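Reader: I have a new model open on my screen and would enjoy walking through it with you. Shall we begin?

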Amino acid sequence: MKFLNDNFLLKGKTAQDLYHNVAKDLPIIDYHCHLNPAEIASDRRFQTITEAWLGGDHYKWRLMRINGVDEEYITGKADDFEKFLAYAKTLECAIGNPLYHWTHLEMRHFFGIDEALTADNARELYDAMNAKLVLPEFSARNFIIRSKVETICTTDDPIDSLEHHSAIAADPVAGCTVRPTFRPDRAVLIEKPDFADYMALLSKASGVKIETLDDVIKALFARVDYFADHGCLLSDHDFGRLPASHADHAAASQIFAKKMNGGELTNEEADGYKSYVLTALAGYFAKKNWTMQLHCGAMRNNSTKMFERIGKDTGFDTMSDFEVATSLSRLLDRIDRETELPRTILYSLNPKDFYAMIALCGCFGGTGVAGKTQFGSAWWFIDHKDGMEKQLRETASLNLLSVFVGMLTDSRSFLSYPRHEYFRRILCNLVGTWVDDGEFPADAKLLEKIVAGISYRNAKSYFGF
């Protein structure tokens, strides 16, 4: 069978029909990514495919290091072709790895190249792609337009001015709305050494003098309002380990004061503050009709040597193995009792948590909201074929797959949108297999509703886009 043919990953006729006739041409809603809004506003152009592909892509960097590539050819000063060649040599070894599929889907989708990238043809394909990058349709905005992206939600700190979002709103990307996402990690993760410094920045951005815990909440609410005025409809929160203890207002106030006065906090104290602040924020998100996303299970900056050398988000993070069920249950229950639980999406970076988290979603539903609390897309170390199938199968087994809001890119790259094609092919193959095996009726109307919903329509409705 030819590599990456039109029926790539689609094993039966039902799967093929569902993909080609239902999923393939639907618009994309990328409700969680790390694209730089400044690059959208300025319609960034890339000088080389290395700049577009390897600049900031820690997925590729990590794989290259595993292959023994020297850092000089990853984040160092080697020239762009040398870096591209080092990646090509790594890709040759990447059988079964999602980067092999993503890379070739991107080459085909944007550059019309069906040839497999190897060290032998690296120079030829490097020159061919670079020759196209000078064309008008190969700018950041045109990558978005050519991918039929209807909505993009970037990831933004509460202190961000959102000036680039304002610029995009004044000069929109054709057919696409770009929205900020409220990511208040630095105001929540009180154990971090720069927490007090961040409070000063939050105070300046919000216009609220921060002296007490109540001031923190007031400042954060002010920034939520500001983000809402700029079209924000989602928050996002990063928890390697979910808070295991909770504090009331008096205790959380004392914990905040202790930290601001230079005190060292215990894990229990830090957890108490985090739980209190997140509970307050969640209630305010509910009032704003926002969706809250909780990303759990990342263990970051594992190599101190490399963190000190090249900084964070460079490929030295991994999955944690913390227990999640009890902590998550208590947190959601507290929010549900004390304020109001907004629409909530839970993600785990560790597959061991899937069953526990999916089952817990069923405890926090909402009248009139399908999938109010739901388990999110296979993420980061799990967004490969096996991980996506596991997430889809287990969601179907324990929850309602048909109301799932589908795929996201979680990417910093404008070339990453074929990941949605990858997901849709995997989804259609799984659903098609169930039908062909007699586990679900071959009802074309119902299947279209399910597949189109997961691929596009559910997200549009759920988030209120």
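**A walk through the predicted model**

Reader: Happy to start with Asp215. In which helix is Asp215 found?

Author: Do keep in mind as we go that this is a predicted model. Asp215 belongs to the helix that spans residues 213–229, and that helix is H12.

Reader: Which side chain of opposite charge is nearest to Asp215, and how far away is it?

Author: Asp215 is buried and yet has no salt bridge. A salt bridge needs the nitrogen and the carboxyl oxygen within 4 Å. For Asp215, the nearest side chain of opposite charge is that of Lys218, at 6.2 Å.

Reader: Then which backbone nitrogen does the side chain of Asp215 reach?

Author: Leaving aside neighbours within four places in sequence, Asp215 is in contact with Val208, Lys209 and Ile210. Its side chain also reaches a backbone nitrogen at 2.9 Å, that of Thr212.

Reader: Let's turn to the open sheet. In what order do its three strands lie?

Author: The pairing in this open sheet is parallel. Its edge strands, each pairing on one side only, are E1 (28–30) and E3 (177–179). On average, neighbouring strands are turned by 5° against each other, direction ignored. The order is E1-E2-E3.

Reader: Which residue in E3 stands opposite Ile152?

Author: Strand E2 covers residues 149–153 and pairs with E3 in the parallel sense over three bridges. Opposite Ile152 in E3 stands Val178.

Reader: Next, Leu430 in helix H19: buried or exposed?

Author: Helix H19 runs over residues 418–436 and holds Leu430. Not counting residues up to four places away in sequence, Leu430 touches Glu389, Leu392 and Arg393. Buried means under 20% relative accessible area. Because its relative accessibility is 2%, Leu430 counts as buried.

Reader: And which side chain does a polar contact join to that of His58?

Author: His58 sits in helix H4 (residues 58–66) and counts as buried because its relative accessibility is 10%. Leaving aside neighbours within four places in sequence, its contacts include Asp313, Thr314 and Trp380. The polar contact, at 3.5 Å, is with the side chain of Arg412.

Reader: How many salt bridges does the count come to?

Author: One of them links Glu71 with Arg65, where the closest N and O atoms are 2.8 Å apart. Both Glu71 and Arg65 are buried. Salt bridges also link Glu191, Arg241, Asp271 and Lys274 in a network. The count comes to 29.

Reader: Arg123 and Asp127 form a salt bridge too; in which helix do both lie?

Author: The closest N and O atoms of Arg123 and Asp127 are 3.3 Å apart. Arg123 is partly exposed, with a relative accessible area of 42%, and Asp127 is partly exposed at 38%. The two are four residues apart, about one turn of the helix, and that helix is H7 (residues 122–133).

Reader: Last one: how many residues apart in sequence are the parts that Arg183 and Asp236 tie together?

Author: Arg183 forms a salt bridge with Asp236, their closest N and O atoms being 2.6 Å apart. Arg183 lies in the loop between E3 and helix H10 (185–188), while Asp236 lies in strand E4 (residues 234–239), so the pair ties together parts whose separation in sequence is 53 residues.

Key
Residues are numbered from 1 along each chain as its sequence is written. This is a predicted model: local features need pLDDT of at least 70, side-chain atom pairs count only at pLDDT 80 or more; totals for chains, interfaces and linings use all residues. Side-chain values use heavy atoms; hydrogens and water are left out. Buried means under 20% relative accessible area, exposed over 50%, partly exposed in between (1.4 Å probe, protein chains only). Lys and Arg count as positive and Asp and Glu as negative; His and the chain ends are not counted. A polar contact is a pair of N or O atoms within 3.5 Å; within protein, one must be able to donate a hydrogen and the other to accept it, and residues adjacent in sequence count only if both atoms are side-chain atoms. Contact means heavy atoms within 4.5 Å. Two strands pair if DSSP finds at least two bridges between them. Axes are lines fitted to C-alpha atoms, for helices over the stretch in contact, and angles run from 0 to 180 degrees between N-to-C directions.
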